[in-house]
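Hi everyone, thanks for coming. Please pull up the structure on your screens, and I'll walk you through it.

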Amino acid sequence: MRHFNILLFSVITIAIAMWLTGCHSARQSAVATGNDSIKLSLDSRFDLLAGSYADWTDVNVPIKLRLQQPKEMSISGRLYMTRGQNVMLSLRFLGMEVMNLYVNSDSIYATDKIHKYYLAEDLKTLVAGFPMTINDVQDLLLGRVFLLQHGTLSPKMKRHVELSEINSYMAISPKKSFNGIEYAFGADADNRLKALTATRNGSDVLQCVYDKWVDSNAGQVACSNQVSLTLGETFLQATLESDYDAAKWDTPNTRSWKMPKGYKRVYGKALIEAFASK
């Protein structure tokens with residue numbers, strides 16, 4: 001087994017959390033419908049996309065996590081989410097849990113059962129007041145558009161966004177940036193979210209690229225999410241592949257994180273510094 005240690009896994013999550021702290025084209029586009037193509041305004045496309053999302057309460061889905069940079073390795077597991085409350089990632093090898101990650105509205109926790117490490121951080125301290133909620137994190141994982149401080153995209157949010165068209169893609173960006181962070185979502189002609197790109201102070205870049213769509217209890221969701229993060233001279237890249245065809249929706253999730261006994265605690269900022277120096 002290739003060890004998937006906490007230094008390489010947790011650094012991506014902590015790095016993203018720390019990263020967060022610190023003219024229109026003509027509004028016409030083609031939306032594919034079978035073999036035909038219907039011209040729709042960007043306003044209409046926005047309404048279709050925003051109206052396509054459905055409410056959900058819980059999901060339990062098989063996943064594969066592939067780290068591509070700075071090293072290549074992969075591991076399987078399950079992703080558990082309770083809407084608006086928590087996200088838990090359980091990574092397994094030969095049927096045994098070797099690592100887990102748990103995030104709620106207050107904290108982020110991780111356990112490396114191979115090396116007997118654990119991480120416990122106050123989420124508000126890490127993000128330094130950045131207004132990203134658990135709902136936003138869940139939308140990010142599912143491949144749904146959201147607006148900071150407003151939640152999952154809905155038709156009533158149109159007044160808060162700028163719409164533009166780039167090579168048949170609809171770009172959705174907020175009218176107001178936050179602490180030097182600017183971000184935009186891109187949806188294709190079939191009204192599927194394909195990318196999220198965010199920049200901080202014009203340099204550090206976070207990008208999510210979505211693919212392999214399926215219909216679900218939450219509407220269309222992405223089975224593939226490649227996350228790339230440039231933080232100064234450090235570059236991280238990982239892909240989360242989720243099998244939503246095998247997901248269990250709206251079944252109460254009782255999973256939670258427990259403080260391990262006899263484990264050594266590691267700290268998020270120290271992980272980033274150690275990682276960046278390698």
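Let's begin with Cys-208, which has a relative accessible area of 1% and therefore counts as buried, since the cut-off is under 20%. Cys-223 is buried too, with a relative accessible area of 12%. You might wonder how many disulfides a search of the whole structure finds. The count is zero. Please keep in mind throughout that this is a predicted model.

Now to charges. In general, side chains of opposite charge can pair when their charged atoms come close. Searching the whole structure here turns up eight salt bridges. I'll show you some of them.

Please find Arg-83, which forms a salt bridge with Asp-139; their closest N and O atoms are 3.4 Å apart. This pair links distant parts of the chain, because Arg-83 sits in the loop between strands E4 and E5 while Asp-139 belongs to helix H4, 56 residues apart. Are these two partners buried or exposed? Arg-83 is buried at 19% relative accessible area, and Asp-139 is buried as well, at 0%. There is also a third member here: Arg-83, Asp-139 and Arg-144 are linked in a network of salt bridges.

While we're at Asp-139, have a look at helix H4 itself, which covers residues 134–142. How many of its nine residues are buried? Seven of them are, so the helix is mostly covered. The buried ones are Ile-134, Asp-136, Gln-138, Asp-139, Leu-140, Leu-141 and Leu-142. As a reminder, an α-helix has 3.6 residues a turn, so residues three or four places apart point the same way. Right after H4 comes Gly-143, with a positive phi near 90 degrees.

The next salt bridge joins Glu-97 and Lys-113, with the closest N and O atoms 2.7 Å apart. Again the pair links distant parts of the chain: Glu-97 is in strand E6, and Lys-113 is in the loop between strands E7 and E8, 16 residues apart. Glu-97 is buried, with a relative accessible area of 16%, whereas Lys-113 is partly exposed at 36%.

One more for the charges: Asp-188 and Arg-192 form a salt bridge, and their closest N and O atoms are 3.0 Å apart. Asp-188 is buried, at 7% relative accessibility, while Arg-192 is partly exposed, at 26%.

On to the aromatic rings. Such a pair is described by the distance of the centres and the angle of the planes. For this model, the count comes to seven aromatic pairs. How are the rings of Tyr-109 and Trp-257 arranged? Their centres are 4.5 Å apart and their planes meet at 15 degrees; that angle is under 30 degrees, so the pair is stacked. Tyr-109 is in strand E7 and Trp-257 is in the loop between strands E18 and E19, so to follow this pair you'll need to look at distant parts of the chain, 148 residues apart. Trp-257 is buried, at 13% relative accessibility.

For another arrangement, see Tyr-183 and Phe-185, whose rings are edge-to-face, with 6.0 Å from centre to centre and 90 degrees between the planes. Both of these residues are buried. Coming back to Tyr-109 and Trp-257, ring pairs link them with Tyr-102 and Tyr-118 into a cluster.

Next, the largest pocket. Its volume is about 250 Å³. Which of its 13 lining residues are the closest to its centre? They are Leu-148, Gln-149, His-150, Pro-174 and Lys-176. Sorted by class, the lining has six nonpolar, four polar and three charged residues.

Last stop: the backbone. Ser-168 is not a glycine, yet its phi is positive, about 75 degrees. You'll find Ser-168 in the loop between strands E11 and E12, and at 33% relative accessibility this serine is partly exposed. Lys-212 also has a positive phi without being a glycine, at about 60 degrees. Where does Lys-212 lie? Its place is in strand E15, residues 204–216.

If you'd like one place to start exploring, try Asp-139: this residue of helix H4 is buried at 0% relative accessibility and belongs to the salt-bridge network with Arg-83 and Arg-144. Thanks for listening!

Technical notes:
Residues numbered from 1 in each chain as written. Predicted model: local features only at pLDDT ≥ 70, side-chain atom pairs only at ≥ 80, totals over all residues. Heavy atoms only, no water. Buried < 20%, exposed > 50% of the residue type's maximum accessible area, 1.4 Å probe, protein only. Helix = DSSP H or I, 4+ residues; strand = E, 2+ residues; numbered from the N terminus. Disulfide = S-S within 2.5 Å. Salt bridge = Lys/Arg side-chain N within 4 Å of Asp/Glu carboxyl O. Phe/Tyr/Trp six-rings, centres within 6.5 Å; stacked < 30°, edge-to-face > 60°. 1 Å grid on protein atoms, 1.4 Å probe; cavity = no way out; pocket = protein on both sides within 12 Å on 5 of 7 lines; lining within 4 Å. Points joined across faces, edges and corners; volume = space filled by probe spheres on them. Nonpolar A, V, L, I, M, F, W, Y, C, P; charged D, E, K, R; others polar.
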